[in-house]
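Dear colleague,

I am handing over the structure below, and I would be glad if you opened it before reading on. My notes on what was found in it follow.

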Amino acid sequence: MPEHRLETLEPQELTLTPVPDKSLKSRIESYTIPFRELITYYRCAMMEVETKFRVLSEEFSLQYDRNPIETVKTRLKSVDSIANKLISRELPLTVESIEKNLNDVAGVRIICSFPSDIYAISDAFLRQDDITLIERKDYIRAPKPNGYRSLHLIVETPIFLHDKKKLMKVEVQFRTIAMDWWASLEHKIRYKKDVEIPSAVARELLDCANEAARLDSRMEQLQKYIVPKYE
Ligand code: 0O2
């Protein structure tokens, strides 16, 4: 490129100067840095909630000599899933929109032994004074028409940063091993797939969900004979 001396340039020539790489970089950063920051906050909130369940698990084991929490799983929604959800709801693709409209960027799944454990653990969690319940969906007492069972809570939890406290939303799903078994396999078979599932397959899936619920309730009856209730 020919070298221009500033004093010889006319004003219109100045506007033709190509955008230097540096400004493109800063434009990209102005989008990505707040997004990465937000995802980090969600990760921190998820860790806070995970720790609360690990503490409850330790304490229940100590008090009752039985651990009602089988597994704690965590997941952060992928960038693609976040974008797809916003696009499908015709919402803006901005950091503000993610925070305002999506409740499940940070997810924690608690797999319990018996259905009653779900209520014991979720009540103990909700009694903690830094946890605010935003929404509760009980798909155990009222299963979805396809047979899906789980207790879903959307909660707000504080995260403490070096200079501020921030409230973040986390989705917590509670399931028994049987509910999780069904949901995981059903997810693979049909959930979110664009193809229409034949009604015979849908009926069979529903039947499997009901069967799993019956087994859960039989196992619950059995454990009542030998294991003390949480009080
Ligand atoms: P993923 O991949 O697990 O994250 P919301 O999504 O919360 O804004 P909605 O539909 O009212 O809106 O939420 P709901 O009913 O509370 O369900 C959200 C999550 O529950 C899903 O997240 C699934 O994890 C699970 N879920 C709900 N229904 C079913 C179902 O029929 N089968 C299975 N296997 N899982 C289910 P995502 O974001 O859809 O998926």
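A polar contact here is a pair of N or O atoms within 3.5 Å, and with that cut-off in hand we can turn to the ligand in this model, which is a predicted one. An N or O atom in the side chain of aspartate 104 is 3.3 Å from an oxygen atom of the ligand, so the pair falls within the 3.5 Å that the definition allows. Two lysines also reach the ligand with polar side-chain atoms: that of lysine 85 lies 2.5 Å from a ligand oxygen atom, while that of lysine 144 lies 2.7 Å from a ligand nitrogen atom. Of the 730 Å² of accessible area that the ligand has on its own, the protein covers 81%.

The surroundings of the ligand comprise 19 residues, of which Lys85, Arg89, Lys137, Tyr139 and Lys144 come nearest. Sorted by class, this shell holds eleven charged, four polar and four nonpolar residues. Strand E5 (165-176) and helix H6 (177-189) each contribute at least two residues to the shell, and the largest share, three residues, comes from H6.

One further residue deserves a look, namely glutamate 90, which sits in the loop between helix H3 (79-88) and helix H4 (95-101). Most residues other than glycine have a negative phi. Glutamate 90, although not a glycine, has a positive phi of about 55 degrees. Is glutamate 90 buried or exposed? With a relative accessible area of 75%, glutamate 90 is exposed.

With best wishes

How values were computed: Residues are numbered from 1 along each chain as its sequence is written. This is a predicted model: local features need pLDDT of at least 70, side-chain atom pairs count only at pLDDT 80 or more; totals for chains, interfaces and linings use all residues. Side-chain values use heavy atoms; hydrogens and water are left out. A residue is near a molecule or strand if one of its heavy atoms lies within 4 Å of it. A polar contact is a pair of N or O atoms within 3.5 Å; within protein, one must be able to donate a hydrogen and the other to accept it, and residues adjacent in sequence count only if both atoms are side-chain atoms. Accessible areas come from the Shrake-Rupley method with a 1.4 Å probe; for residues, only the protein chains shown count as cover. Helices (H or I, at least four residues) and strands (E, at least two) are DSSP runs, numbered from the N terminus. Ala, Val, Leu, Ile, Met, Phe, Trp, Tyr, Cys and Pro count as nonpolar, Asp, Glu, Lys and Arg as charged, and the others, Gly among them, as polar. Buried means under 20% relative accessible area, exposed over 50%, partly exposed in between (1.4 Å probe, protein chains only).
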